[in-house]
Amino acid sequence: MDKKETLGELIRFGIVGTTAAAVHYGVYWVLQHWMNVNVAYTIGYIVSFLVNYYLSARFTFKEKTSTKNGLGCN
């Protein structure tokens, strides 16, 4: 892997992490108006975790996603 490819991967990794954090906060912020804040936070975490996995695999590392791969059963 050359330096240019590694730098691109690092930048994409940062974009994905920032996006996942924004998704977490956004889901939490919306849901806290209708439910307990702890439940809203947990749902936000789960949604952002799934978004982070998908974007990391597809956008950052250019890999295919699957449930089996996500569970580490390769």
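**View 1. Ile 15 sits in helix H1 and belongs to a nonpolar surface patch.** Bear in mind for this and every other view that the model is predicted. The patch covers about 470 Å² and is built from Leu 7, Leu 10, Ile 11, Ile 15 and Phe 59. Helix H1 gives the largest share of the patch, with 4 residues. As for Ile 15, its relative accessibility comes to 43%. That puts Ile 15 in the partly exposed class, because the class runs between 20% and 50%.

**View 2. Here we look at the buried residues of helix H2.** Helix H2 takes in residues 37-60. Which of its residues are buried? They are Ala 40, Gly 44, Ser 48, Ser 56, Ala 57 and Thr 60. And what do these buried residues pack against? Their partner is helix H1, which spans residues 3-31.

**View 3. A close-up of the two ends of helix H2.** At the start of the helix, have a look at Asn 36: one of its side-chain oxygens comes to within 2.7 Å of the backbone nitrogen of Asn 38. Now hop over to the other end. Just after H2 you'll find Lys 62, and its phi is positive, at about 55 degrees.

**View 4. Tyr 25 and Tyr 28 make a tilted aromatic pair.** Searching the whole structure turns up 3 aromatic pairs. In the one shown here, Tyr 25 and Tyr 28 are 6.5 Å apart centre to centre, with 50 degrees between the ring planes. Both tyrosines belong to helix H1, and they are about one helical turn apart because 3 residues separate them in the chain. Is Tyr 25 buried or exposed? Tyr 25 is exposed: its relative accessible area is 53%, and the exposed class starts over 50%.

**View 5. Tyr 28 also pairs with Tyr 41, this time edge-to-face.** The centres of these two rings are 5.7 Å apart, and the planes meet at 80 degrees. This pair ties together distant parts of the chain, with Tyr 28 in helix H1 and Tyr 41 in helix H2, 13 residues apart. Tyr 41 has a relative accessibility of 47%, so it counts as partly exposed. Put the rings together and you get one aromatic cluster made of Tyr 25, Tyr 28 and Tyr 41.

Note on methods:
Residues are numbered from 1 along each chain as its sequence is written. This is a predicted model: local features need pLDDT of at least 70, side-chain atom pairs count only at pLDDT 80 or more; totals for chains, interfaces and linings use all residues. Side-chain values use heavy atoms; hydrogens and water are left out. Buried means under 20% relative accessible area, exposed over 50%, partly exposed in between (1.4 Å probe, protein chains only). Contact means heavy atoms within 4.5 Å. A polar contact is a pair of N or O atoms within 3.5 Å; within protein, one must be able to donate a hydrogen and the other to accept it, and residues adjacent in sequence count only if both atoms are side-chain atoms. Rings of Phe, Tyr and Trp (its six-membered ring) pair if their centres lie within 6.5 Å; planes under 30 degrees apart count as stacked, over 60 as edge-to-face and the rest as tilted. Patches are made of residues with over 30% relative accessible area and no salt bridge: like charges are joined within 9 Å, nonpolar side chains (Val, Leu, Ile, Met, Phe, Trp, Tyr) within 5 Å. Accessible areas come from the Shrake-Rupley method with a 1.4 Å probe; for residues, only the protein chains shown count as cover. A salt bridge is a side-chain nitrogen of Lys or Arg within 4 Å of a carboxyl oxygen of Asp or Glu.
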